[in-house]
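User: Please take a close look at one partly exposed charged residue in this model, and work outward from there to the parts around it and then to the rest of the chain. I would like a connected account rather than a list.

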Amino acid sequence: MTVALVTGASGMLGSALVQKLKRLETYDVISVTRADVDLLKAEDVRAFFEDVKPQIVFHCAAKVAGLGGNSAFPAEFFDENILINTHVVQASRLAGASKFVAVSTAAIYSDTAPLPMKESDIWEGPPHSSEIAYGVAKRAMLTQLQSYKTQYGLDYGYAVLTNLYGPKDTFNKNYGHVVPSLMYKFREAISCTGNIEVWGDGTPQRDFLHVDDAAEALIHVGERGYGAFNVASGSTVTIRELVETLADIVGFDGEIIWNRDKPNGQLLRQYDLSSIQSLGFTPQVSLSKGLKSTWDWYINGNNE
């Protein structure tokens, strides 16, 4: 069996990936959470990896948030992600891992990149100003992996993920990702306020991917892929369409207030998916089905 180590194993993506790897029965899965090792401490990370000696590492751990968090705390997001990524890549190489699968984000792309965005466009222009610190930290991990491949022969896959959603996400009013933040606001509105406020004017278009599909894509990259891969559903909706869909799902008939004084973020993100499709990956969870199951999970008290 292949010893597979998954960082961030208690998070939304990491936990979904662990479940899928275990069902395959070809992996001896090592689940790494903050309780196991502090990824901000280099020596602790190296000691842990040396002890378990993973053959493949799926690096899902990161300090993450949505537009609000990235805008409010850019230094924290840059510092912590640079340290976490550097330590985990170093420790993987020193422990003798043969493959490293990194989780990245569409925030690495510039808003001037031609659409649909291709992996070859990663370095075309700076990341969007609203997410530049987080985006540059993720770009730095790609440079580290390219360097380790050149100098040490460490094979890698670098998954550039679109907006994810699903169980175990961070359901927070201002600093979570788009879908869980909206769900938090809808739940609050239904129970007390009667209305919700949404940042921007609703015109930005986004591609949303359920976490189960994202986890499946990471396995494809780990088993058959090398280099960078865009990972997305291939369909976009406007934020306004997303909000209206969620309102129908949750049964909300109150007022939706669009706060145009708040940032929209990048207006459009579309991805060239030919590389990940060449590995045999096809998303299975529709947006409506995924949103409904995520809402049900959230309101049934599983968000502790």
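Analyst: Glu50 is partly exposed, at a relative accessible area of 39%, and in this predicted model its side chain meets that of Lys53 in a salt bridge with an N to O distance of 2.4 Å. Lys53 is likewise partly exposed, with a value of 42%, which falls between the 20% below which a residue is called buried and the 50% above which it is called exposed.

The backbone of Lys53 also deserves attention, for this residue, although not a glycine, has a positive phi near 45°. Most residues other than glycine have a negative phi. Lys53 follows just after helix 2, in the loop that leads from helix 2 to strand 3. A second such case is Glu25, a non-glycine residue with a positive phi of about 65°, which sits in the loop between helix 1 (12–24) and strand 2. Glu25 is exposed, because its relative accessible area is 63% and the threshold for that class is over 50%.

Helix 2 itself, residues 42–52, has Val45, Phe48 and Phe49 as its buried residues. These residues span an arc of only 95° around the axis, and therefore lie on the same side of helix 2. An α-helix has 3.6 residues a turn, so residues three or four places apart point the same way. On the face of helix 2 turned away from the buried side are the exposed residues Glu43 and Asp51. The packing partners of the buried residues are strand 1 (2–7), strand 2 (27–32), strand 3 (56–59) and helix 4 (74–94).

One of those buried residues, Phe48, recurs in the surroundings of Asp36: with neighbours within four places in sequence left aside, Asp36 is in contact with Ser31 and Phe48. Asp36 belongs to the loop that joins strand 2 to helix 2, and it is partly exposed, at 41% relative accessibility. A polar atom of the Asp36 side chain lies 2.8 Å from the backbone nitrogen of Thr33. The C-alpha atom of Asp36 is 9.9 Å from that of Thr7, a residue 29 places away along the chain.

How many salt bridges does a search of the whole structure find? There are eight, and two further pairs can be set beside that of Glu50 and Lys53. In one, Lys63 pairs with Glu76, their closest N and O atoms being 3.9 Å apart. Because Lys63 is in the loop between strand 3 and helix 3 (67–72) while Glu76 is in helix 4, this pair ties together parts 13 residues apart in sequence. Lys63 is partly exposed at 23%, as is Glu76 at 39%. In the other, Lys20 and Glu216 approach to 3.4 Å between their closest N and O atoms, linking helix 1 to helix 7 across 196 residues of sequence. Lys20 is buried, with a relative accessible area of 16%, whereas Glu216 is partly exposed at 29%.

Helix 7 leads on to the interior. The largest nonpolar core has 67 residues, of which Leu13 and Tyr158 touch the most other members, and helix 7 (residues 211–224) gives the most to this core, with seven residues. Beyond the four nearest places in sequence on either side, the residues touched by Leu13 include Cys60, Val103, Leu161 and Leu164, and also Val211, Ala214, Ala215 and Leu218. Apart from this core lies another, of 23 residues, including Tyr165, Phe186, Ile239 and Leu246.

Asp207, finally, offers a contrast with the salt-bridged acids described above. Asp207 is buried yet has no salt bridge, and its nearest side chain of opposite charge, that of Arg206, is 9.9 Å away. What does the side chain of Asp207 reach? It reaches the backbone nitrogen of Ser233 at 2.9 Å and the backbone nitrogen of Gly234 at 2.8 Å. The loop that holds Asp207 runs between strand 8 (205–206) and strand 9 (208–210), and the residues in contact with Asp207 from more than four places away include Thr162, Asn163, Ala232 and Tyr271.

Conventions. Residues numbered from 1 in each chain as written. Predicted model: local features only at pLDDT ≥ 70, side-chain atom pairs only at ≥ 80, totals over all residues. Heavy atoms only, no water. Core = buried A, V, L, I, M, F, W, Y, C linked by side-chain atoms within 4.5 Å. Buried < 20%, exposed > 50% of the residue type's maximum accessible area, 1.4 Å probe, protein only. Helix = DSSP H or I, 4+ residues; strand = E, 2+ residues; numbered from the N terminus. Contact = heavy atoms within 4.5 Å. Lys, Arg positive; Asp, Glu negative; His and termini not counted. Salt bridge = Lys/Arg side-chain N within 4 Å of Asp/Glu carboxyl O. Polar contact = N/O pair within 3.5 Å; in protein donor to acceptor, adjacent residues only side chain to side chain. Arc of directions from axis to C-beta.
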